Amino acid sequence: MGYDSEYIIDRNPEGYSKYINLYKGEVTEVKEKEIESEAYEINNLRGRLYELSKKKEDGEISKEEYDQKVIGYHERDKNSKVFEIVYNQYFYAKDAPEERYIMDERGWSTLLTHGNPDFFLILCLILIMTPLFCNEYESGMDVLLLSTAKGKYKVGITKVLCASLLSIGITLLFSLIDLILMHYMVGLHGWSYPLQSLEFFHNSIYKITLLEAYIIVIVCRLIGAVLLTNYISLVGILSKKSIITLFTSSILVFLPYSLLKDNSTLYYLPLPSGLFIGEGYLWGTSYITKCMQNGTTERVAQYMRVEK
């Protein structure tokens, strides 16, 4: 499992962490002055180095003082690229400081902005649930169960409930693994920050924190897992064949991803597909600008937010 990042950050993670730890959180007047001051210093580095060299040549400063100041200037120059990334975050956040904070976006961005289902989780659920509902038909055990006093209804209902609980447990385990891996790989800082701190969610209507957003995503996955389990049980009871159940369940879940990728219609279907991408319910409407044949530009909706 990878995580969202940029080449510049990967080349200088220490410099990026230094600026993030220095400026993270809400943009205040004091912090704004500090960031603008740092930006000014970085933009004028060459001029400062020239002045410093001139002072050394004229004997205004000693070699030791010169060497000490040069080290600081070179350190600032080395970190200038990662500062640009932090400055861009600040520039975005200062437009709405009450709901946009400066933060290390990499971990939360990976968890909340991709819009891709966990295919391994879905496949795991299908492979585990299918034999659970089909084996008794293929082995002839269904006749024996139906002949018992409680075999017709109670056993079937109990099996569906147990399978649903199992699917919930598996889904929680996968989500927990994702969370732990992301925490140790890149960190999940700022869990209490507003969702709009991630620029991806600048159009989202939900005033919630990043942690609350991820909890919503997990709940959606759990509902999707239970719904998928019930679909598998229904197909298994009707077909009584593992192969047919595997094929039908796979088509039921995976086909919508092929036909409706990045389309909000996916989240309105009475299928588990959209629920396995719970973050899509939180996204706002996004637009792209297209060039028309007559030379004008037009703003076109790329993704329409899911209505409450």
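**Stop 1: helices α2 and α6**

Select helix α2, residues 13-23, together with helix α6, residues 80-93, in this predicted model. How are α2 and α6 arranged relative to each other? Their axes lie 8 Å apart and make an angle of about 30°. Angles under 35 degrees count as roughly parallel, and α2 and α6 are therefore roughly parallel to each other. If you turn the view to follow how one passes the other, you are looking at a right-handed crossing.

Now show the side chains between them. On the α2 side, pick G15, Y16, Y19, I20 and Y23. On the α6 side, pick V82, F83, I85, V86 and Q89, which the α2 residues meet. Sorted by class, this contact has eight nonpolar residues, two polar ones and no charged ones.

**Stop 2: an aromatic cluster**

Stay where you are and select Y19, Y23, F83, Y87 and Y90. These residues form one aromatic cluster. You have already met some of them: Y19 and Y23 belong to the α2 side of the contact, and F83 to the α6 side.

**Stop 3: helix α3 against α6**

Keep α6 on screen and add helix α3, residues 29-43. The axes of α3 and α6 come within 11 Å and cross at roughly 145°. Which hand does this crossing have, left or right? It is left-handed, whereas α2 and α6 cross in the right-handed sense.

Colour E32, I35, E36, E38, A39 and I42 in α3, then S80, F83, Y87 and Y90 in α6, to see what meets what. By class there are six nonpolar residues, one polar residue and three charged residues in this contact. Look again at F83, Y87 and Y90: these α6 residues touch α3, and they are also members of the aromatic cluster.

**Stop 4: two aromatic pairs**

Time to zoom out. Across the whole structure, a search finds twelve aromatic pairs. Select F120 and F174 for one of them: the ring centres are 5.7 Å apart, and with 45° between the planes the pair is tilted. F120 sits in helix α8 (residues 119-139) and F174 in helix α10 (residues 154-185), so this pair links distant parts of the chain, 54 residues apart. Is each ring buried or exposed? F120 is exposed, at 60% relative accessible area, while F174 counts as buried at 15%.

Next, select F200 and W283. Their ring centres are 5.3 Å apart and their planes meet at 75°, so this pair is edge-to-face. F200 lies in the loop between α10 and α11 (210-239), and W283 in the loop between α13 (272-275) and β1 (286-291), so the pair ties together parts that are 83 residues apart in sequence. F200 is partly exposed at 42% relative accessibility, and W283 is buried at 8%.

**Stop 5: S175 in helix α10**

Go back to helix α10 and click on S175. With 2% relative accessibility, S175 counts as buried. Which residues touch S175, apart from its neighbours within four places in sequence? Show Y214, I218 and R221 to see these contacts.

**Stop 6: T110 and P117**

Select T110 in helix α7, residues 106-112. T110 is buried, with 9% relative accessible area. Add M182 and compare the two distances: T110 and M182 are 72 residues apart in sequence, yet their C-alpha atoms are 8.3 Å apart in space.

Then move to P117, in the loop between α7 and α8. P117 is also buried, at 10%. Its partner to pick is G278, 161 residues away in sequence and 8.8 Å away in space, C-alpha to C-alpha. Beyond its neighbours within four places in sequence, P117 is in contact with I122, Y257, F276 and I277.

**Stop 7: K240**

Select K240, in the loop between α11 and α12 (242-259). What is its backbone phi? K240 has a positive phi of about 60°, although it is not a glycine. At 38% relative accessibility, K240 is partly exposed.

**Last stop: the whole chain**

Finally, show the full chain, with its 13 helices and two strands. Of its 308 residues, 41% count as buried. Among contacts between residues at least 6 apart in sequence, 70% join residues at least 24 apart.

Note on methods
Residues numbered from 1 in each chain as written. Predicted model: local features only at pLDDT ≥ 70, side-chain atom pairs only at ≥ 80, totals over all residues. Heavy atoms only, no water. Axes fitted to C-alpha atoms, helices over the stretch in contact; angles between N-to-C directions. Helix = DSSP H or I, 4+ residues; strand = E, 2+ residues; numbered from the N terminus. Parallel < 35°, antiparallel > 145°, perpendicular 65-115°, else oblique. Left-handed = near helix turned anticlockwise from the far one by under 90°. Contact = heavy atoms within 4.5 Å. Nonpolar A, V, L, I, M, F, W, Y, C, P; charged D, E, K, R; others polar. Phe/Tyr/Trp six-rings, centres within 6.5 Å; stacked < 30°, edge-to-face > 60°. Buried < 20%, exposed > 50% of the residue type's maximum accessible area, 1.4 Å probe, protein only.
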